[in-house]
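These are my notebook entries on one structure. I record what I looked up, entry by entry.

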Amino acid sequence: KQWYQRRVRVHHALERHNSGLVSTFGVLAGLCELGSLTISTIVLPEIRNIYRRVELKCATSQDPIDRHAKERIKELLVRKCAHVVQEHLPELLSVNDYEQKFGDIGSEMFYKVMRPASHMPMKM
């Protein structure tokens, strides 16, 4: 029950439309530091909606801090979620699969997940 209550509070914190992008970054950074289980159960299921709200907030803002926060949020989500996606969603094989699952951030996630495999040194 306690886990569920925390998840609900975090979900509400991410959905607040009046909170700034810097606050959103803080919430996401904290969640991602809690580990793979938190990322796979809280962040990944909401990543499409989270990033869509971030883009909408940034589109309506003239503040350069918001634009910078948007880029930092994207970098954070891709960096922290890529290994979890690789472990828990091996069925995603193409850029289209990633874009369908994660929305606008899908192509960046695809290249982050697939890059290590393509840059592995060949064994002889």
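**Entry 1: Val95 and its partners**

I began with Val95, which lies in helix α5; helices (H or I, at least four residues) and strands (E, at least two) are DSSP runs, numbered from the N terminus. Looking for neighbours beyond four places in sequence, I found that Val95 touches Ser107, Phe110 and Tyr111, where contact means heavy atoms within 4.5 Å. Val95 and Ser107 stand 12 residues apart in sequence, and their C-alpha atoms are 5.6 Å apart in space.

**Basis of the notes**

I am working from a predicted model, in which local features need pLDDT of at least 70 and side-chain atom pairs count only at pLDDT 80 or more, whereas totals for chains, interfaces and linings use all residues. Residues are numbered from 1 along each chain as its sequence is written, and side-chain values use heavy atoms, with hydrogens and water left out.

**Entry 2: Ser107**

I then turned to the partner, Ser107, in helix α6 (residues 106–118). Ser107 has a relative accessible area of 18% and is therefore buried; buried means under 20% relative accessible area, exposed over 50%, and partly exposed in between (1.4 Å probe, protein chains only). Not counting residues up to four places away in sequence, Ser107 touches Val95 and Glu99.

**Entry 3: Tyr98**

Which residues does Tyr98 contact, leaving aside its neighbours within four places in sequence? I listed Val85, Leu92, Leu93, Gly103, Gly106, Met109, Phe110, Val113 and Met114. Tyr98 is found in helix α5, and it counts as buried because its relative accessibility is 1%. From Tyr98 to Met109 there are 11 residues along the chain, and the C-alpha atoms are separated by 7.1 Å.

**Entry 4: α3 against α5**

I next examined how helix α3 (residues 36–59) packs with helix α5 (residues 95–102): the angle is about 90° and the axes are 8 Å apart. Axes are lines fitted to C-alpha atoms, for helices over the stretch in contact, and angles run from 0 to 180 degrees between N-to-C directions. The two helices, α3 and α5, are therefore roughly perpendicular to each other. The scale is as follows: angles under 35 degrees count as roughly parallel, over 145 as roughly antiparallel, 65 to 115 as roughly perpendicular and the rest as oblique.

On the α3 side the meeting residues are Leu44, Ile47 and Arg48, and on the α5 side they are Glu99, Gln100, Lys101 and Phe102. I sorted the residues of this contact of α3 with α5 into 3 nonpolar, 1 polar and 3 charged. Here Ala, Val, Leu, Ile, Met, Phe, Trp, Tyr, Cys and Pro count as nonpolar, Asp, Glu, Lys and Arg as charged, and the others, Gly among them, as polar.

**Entry 5: Val54**

Val54 lies in helix α3. I noted a relative accessible area of 2% for Val54, which is therefore buried. Beyond four places in sequence, Val54 touches Leu21, Thr24, Lys70 and Ile73. The C-alpha atoms of Val54 and Arg67 are separated by 9.5 Å, with the two positions 13 residues apart along the chain counted as their separation.

**Entry 6: Lys74 and His88 in α4**

Is Lys74 buried or exposed? At 18% relative accessibility, I entered Lys74 as buried. Lys74 is found in helix α4 (residues 64–88), and its contacts, leaving aside neighbours within four places in sequence, are Tyr51, Ile105 and Glu108.

His88 also has its place in helix α4. With a relative accessible area of 44%, His88 is partly exposed. His88 and Ser36 are 52 residues apart in sequence and 9.7 Å apart in space, C-alpha to C-alpha.

**Entry 7: cysteines**

How many disulfides does a search of the whole structure find? I recorded 0, a disulfide being a pair of cysteine sulfur atoms within 2.5 Å. The sulfur of Cys32 has its closest cysteine sulfur in Cys81, at 4.9 Å, so the distance is too far for a bond. Both residues are buried: Cys32 has a relative accessible area of 5%, and Cys81 one of 0%.

**Entry 8: the whole protein**

Finally I noted the totals. The protein has 6 helices and 0 strands, running α-α-α-α-α-α from the N terminus on. Of its 124 residues, 37% count as buried. Among contacts with a separation of 6 or more, residues 24 or more positions apart account for 62%. The protein exposes about 8,000 Å², of which carbon and sulfur atoms supply 55%; accessible areas come from the Shrake-Rupley method with a 1.4 Å probe, and for residues only the protein chains shown count as cover.
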